[in-house]
Structures are given as structure tokens and as C-alpha cells.
Amino acid sequence: MYEKMELKDGINGLTFEHRNSKSLAQAMLHALQNPEKMEKLGERGYIYSSNGEVPCVNEHVDEMLKLYDELTNTQSYIPNKTVQEPKPLTSLSAPWRITFDTNPDDCNFSCVMCEQHSEHSPHQKARKEQKIRRRRMDFEVMKKVVTEAAPLGLKEIIPSTMGEPLMYRDLKGRTFEDIIQLCHDQKIKLNLTTNGSFFSPHGHSVEQWAQALVPVLSDIKFSWNSATKCTQELVMKNSKFEKQLSNLKTFISIRDKIAIVTLQLTFMEINLSEIPDIVKLGISLGVDRIKGHHLWAHFTQIKDQNLRRSPDSIRRWNKIVQECQTIAQNQLLPNGKQIKLENVFELSEDSGTSSIHPESTCPFLGKEAWINHSGRFDPCCAPDQERLSLGSFGNITDPNQQLMNIWNGATYKNLVKNYSSYPLCQNCNMRKPPTQQHS
């Protein structure tokens, strides 16, 4: 066994005898029976730093070059002051917005790019085959978090963006209407993403939903991926374009001026040529904003839909961006204002899928939080399995765990400080380049 190890028994973890199943079982049992001790061991994850945190890649490289100079007596180590890096993030005292994964298994559409409900996704098929209950957040978890965070600066919440949030109903029968009432009680706003079908467990009409939602809404984002019936129903399977359009028009006719209406889409090959027409549609209807994100290609079947995959696809995307910006500048909304385009910016042809602008910053860390259906704290909106690579932060359902303990904890602070060294973050579609950081 090597003298110097990354893990030392009882200091930053537990060890067991090689190929000894009994020794492994004993270590696992000890871990289960001593959760507080394991938490302390986890805080000392890296034994060669003063605070137990793993140094970022850049710090490792700097130290290696310094050692090289000491050994060779050369002057090779000159810190590169011209390296482009994102500006350090400044954390708020508490998250201003929290997204709750209220009901990720509930949706009446099957969008082709959806991590959960796409026809290419194995998740719902496996859940049904194994007869696993739908994941639905206990309303009390949401209430606990909101009650703690509202006095500290929480301004709004987002119910499930994976699944249709209006279909929410927990095991005790609490529905989306209870979420609306929670917003009233805590004097916070609701930021809603919906597929526009306006499903209701109680049979509410679009008009009834609008009247209930508008008083607490800050923004309502309608999932909208085409300007034509054919493409819309190809991307958002089980949708009915005419019904969605009718519902959108009805909602706009009722909404208060305070509530922002957004058309939100995923940028893909299948809808690329129609994006300018989506902007025109939004303007004609009086929509305030067009917002989109580049594709997270979860499945091999849609890899060729990724617009960042090649210089050619990036050139075509950039041309569409220019066209959309021209439309937005020259065609005003019925109220005389200019429609807002969010995340509609040109990409570098040299970047491809391997990198983004080096000064791009994360818009979420230190500002927003995510709580999954089981109460687990998540730092961002990356696909569920991928964001687990960012670390384990805590669970709100733990009687001894509070949101602010996690927010101010060493693990989360380390991520906020060093996120640009994490592989997932280095190529994240959500990071904003310098020209878009005001959005």
C-alpha cells in the first residue's frame, strides 16, 4: 500500500481490506450507523488542503509549475495574466428564486427533447414497468422552504419545469391551487412554465386558471417550439397546435400588465428556420419575450439536432440570430415596445460543442436554488444525473437541515467559487457570455 494516499481511514473517509467482502460490509454498516461522523469526514474530503476542499485545476497547475521551477532553477513559471476567465460570482445572502421539482413524472405531452417524457427517454417506461409511484413533492417540503426563505429575500418560486406543473397533486391531495395560496400567504411571486394545455384536476377552464394565476404571476412561459402546426406537433407530441394557440390568446386577453408572457423554446435543427416566424408570431400576439436554450442532447436519436455540433450549424444559427434581432428592432409590439429576445446571441464558429466563451458566467450559482421532489438541494437546472457530479449538498427533509445551512455551507460555497473548473459547467448551455450578462 502506498504511504501517501488520497483517502485515510477515519480522517477523510473509511477504508476496507482489498477484496474482503466482510471488511467492506463492516465499513458500510459503520457509515450507516454514524451519519454525523460521515458528514464530518466528508467535510475533510481532501487531506492536503487546509480547509478540506479540493483545489481547482488552475491552482493545481500553478503549484506544479512552481515545483518544476524550483527543481530546474528555470524561470518558466510566469503567471498568465491574459487568460480569459469568468468574473467571480457574488452570492446573495439568500436565493432570490427557488425552483421546486414538484411533479416531474406528470405530463400530458411527450416533447422529443424532454429528459423525462421524450419517446426516446427510458425513465417513464422503466417507472411504469417497475410499478414505481409517480414522483411528487410533499407540499409541506415546499412550504417549509418558502416559509424560511421568504423573510430573507426570496422573491419568487418556479414549480416543476420537468413535467406539467398544473397537474400537481401530492399524496395528501394538495394541488397547484395550494401553491398559488402559498404565494399569497408569503407575498412572493410565481414564475410558471407550462405547455399551455391548462390541464386541471378540477376541470378549470383557461379563463379560470388565468384569474387564479394572474394575481401572483411574475412571468408565465408557454413552451412553444414552432410557428407551424406540423413542426409544433412533431416536437411536442400529443399537443394540438390550434388548442395551444387558442389558450395562449385567451390568457393574453385576461392577463394583468404586471405578468410577463413569454414563448420559450429549445433551439434545434428541426425548428431553426421557423424561429424568426416565432418572433413574428409573438409580436403579433403581444407576447413580451422570446426565450430559448440550446439543446441538451440527452439521447443519441437527437444528437444531430444540436446546433452547436459543427461550424456549419453554428453559421446557420448565427444567421438566424441576426434575422431575429432585425425583426425585433423593426417590428414593435402592439403597445409600442420592443419584444425581448433572451439567449438569442451569436456563437463562435470555433467553439462547437467543446467550449463556450471563456468569460461566460453562470447565471444561477449564488442567486437561485433548486429543490428536487424528494427535498434534495440542487445548485442548478442541469439534467438530473449530470448535476449530481457537482456534489452532494443536503436534503431539506432532514429534520436538522435548513435551506440556509446548505446555502452558507462550505460545499456549496466551494462550487460557487470554483464552478468554472467543473467539466459540466465548462460546457454548460446556460452560461451567459459578457454581452448577455445584463439579461
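Among contacts in the chain between residues at least 6 apart in sequence, 72% join residues at least 24 apart. The model is predicted. The chain holds 15 helices and 11 strands. Of its 439 residues, 48% count as buried. The exercises below work through selected sites.

**Exercise 1. Describe how helix 10 and helix 11 are arranged, and which residues meet.**

Solution.

Step 1. Locate the elements. Helix 10 covers residues 275–285, and helix 11 covers residues 311–330.

Step 2. Take the geometry. The two axes come within 9 Å and cross at roughly 20°. Angles under 35 degrees count as roughly parallel. That makes helix 10 roughly parallel to helix 11. The crossing is right-handed.

Step 3. List the partners. Helix 10 brings Ile275, Pro276, Val279, Lys280 and Ile283. Helix 11 brings Trp317, Ile320, Glu323, Cys324 and Ile327.

Step 4. Sort the contact residues. Eight are nonpolar, none is polar and two are charged.

Step 5. Relate the spacing to the helix. An α-helix has 3.6 residues a turn, so residues three or four places apart point the same way.

**Exercise 2. Is helix 10 largely enclosed or largely open, and what does it pack against?**

Solution.

Step 1. Find the buried residues. They are Ile275, Pro276, Ile278, Val279, Leu281, Gly282, Ile283 and Leu285.

Step 2. Draw the conclusion. Eight of the 11 residues are buried, so helix 10 is largely enclosed by the rest of the structure.

Step 3. Name the surroundings. The buried residues pack against helix 9 (241–254) and helix 11. They also pack against strand 7 (260–267), strand 8 (289–294) and strand 9 (340–342).

Step 4. Look just past the helix end. There, Gly286 takes a positive phi of about 90°.

**Exercise 3. Place Gln116 and Asp106, and find what each one touches.**

Solution.

Step 1. Start with Gln116. It sits in the loop between strand 2 (110–111) and helix 4 (123–129).

Step 2. Classify Gln116. Its relative accessibility is 7%, and the buried class lies under 20%. Gln116 is therefore buried.

Step 3. Read its contacts. Leaving out residues up to four places away in sequence, Gln116 touches Pro104, Asp105, Ser121, His123, Gln124, Arg135 and Met162. With Arg135 there is a side-chain to side-chain polar contact of 2.9 Å.

Step 4. Move to Asp106. This residue lies in the loop between strand 1 (97–100) and strand 2. Asp106 is buried, at 2% relative accessible area.

Step 5. Read the contacts of Asp106. Beyond its neighbours within four places in sequence, they are His117, Arg134, Arg136, Gly163, Glu164 and Met167.

Step 6. Compare sequence and space. Asp106 and Arg135 are 29 residues apart in sequence, with their C-alpha atoms 8.3 Å apart.

**Exercise 4. Work out the setting of Asp170 and the partner of its side chain.**

Solution.

Step 1. Locate the residue. Asp170 falls in the loop between strand 3 (156–158) and helix 6 (176–186).

Step 2. Classify it. A relative accessible area of 4% makes Asp170 buried.

Step 3. Find the polar partner. A polar atom of the Asp170 side chain lies 3.0 Å from the backbone nitrogen of Lys172.

Step 4. Add the contacts from further along the chain. Setting aside residues up to four places away, Asp170 touches Met137, Asp138 and Phe139.

**Exercise 5. Which phi values do Arg19 and Asn238 take?**

Solution.

Step 1. Recall the background. Most residues other than glycine have a negative phi.

Step 2. Take Arg19. Its phi is positive, near 60°. Arg19 belongs to the segment before helix 1 (21–33). With 79% relative accessible area, Arg19 is exposed.

Step 3. Take Asn238. Its phi is also positive, near 80°. Asn238 lies in the loop between strand 6 (236–237) and helix 9. At 56% relative accessible area, Asn238 is exposed.

**Exercise 6. Give the location, accessibility and contacts of Thr397.**

Solution.

Step 1. Locate it. Thr397 is in the loop between helix 12 (384–387) and helix 13 (403–407).

Step 2. Classify it. At 43% relative accessibility, Thr397 is partly exposed.

Step 3. Check the side chain. A polar contact of 2.5 Å joins it to the side chain of Asn395.

Step 4. List the other contacts. Not counting residues up to four places away in sequence, Thr397 touches Val141, Ser374 and Gly375.

Step 5. Add a distance. Thr397 and Phe377 are 20 residues apart along the chain, and their C-alpha atoms are separated by 10.0 Å.

Key
Residues are numbered from 1 along each chain as its sequence is written. This is a predicted model: local features need pLDDT of at least 70, side-chain atom pairs count only at pLDDT 80 or more; totals for chains, interfaces and linings use all residues. Side-chain values use heavy atoms; hydrogens and water are left out. Helices (H or I, at least four residues) and strands (E, at least two) are DSSP runs, numbered from the N terminus. Buried means under 20% relative accessible area, exposed over 50%, partly exposed in between (1.4 Å probe, protein chains only). A polar contact is a pair of N or O atoms within 3.5 Å; within protein, one must be able to donate a hydrogen and the other to accept it, and residues adjacent in sequence count only if both atoms are side-chain atoms. Contact means heavy atoms within 4.5 Å. Axes are lines fitted to C-alpha atoms, for helices over the stretch in contact, and angles run from 0 to 180 degrees between N-to-C directions. Angles under 35 degrees count as roughly parallel, over 145 as roughly antiparallel, 65 to 115 as roughly perpendicular and the rest as oblique. A crossing is left-handed if the near helix is turned anticlockwise from the far one by less than a right angle, and right-handed if clockwise. Ala, Val, Leu, Ile, Met, Phe, Trp, Tyr, Cys and Pro count as nonpolar, Asp, Glu, Lys and Arg as charged, and the others, Gly among them, as polar.
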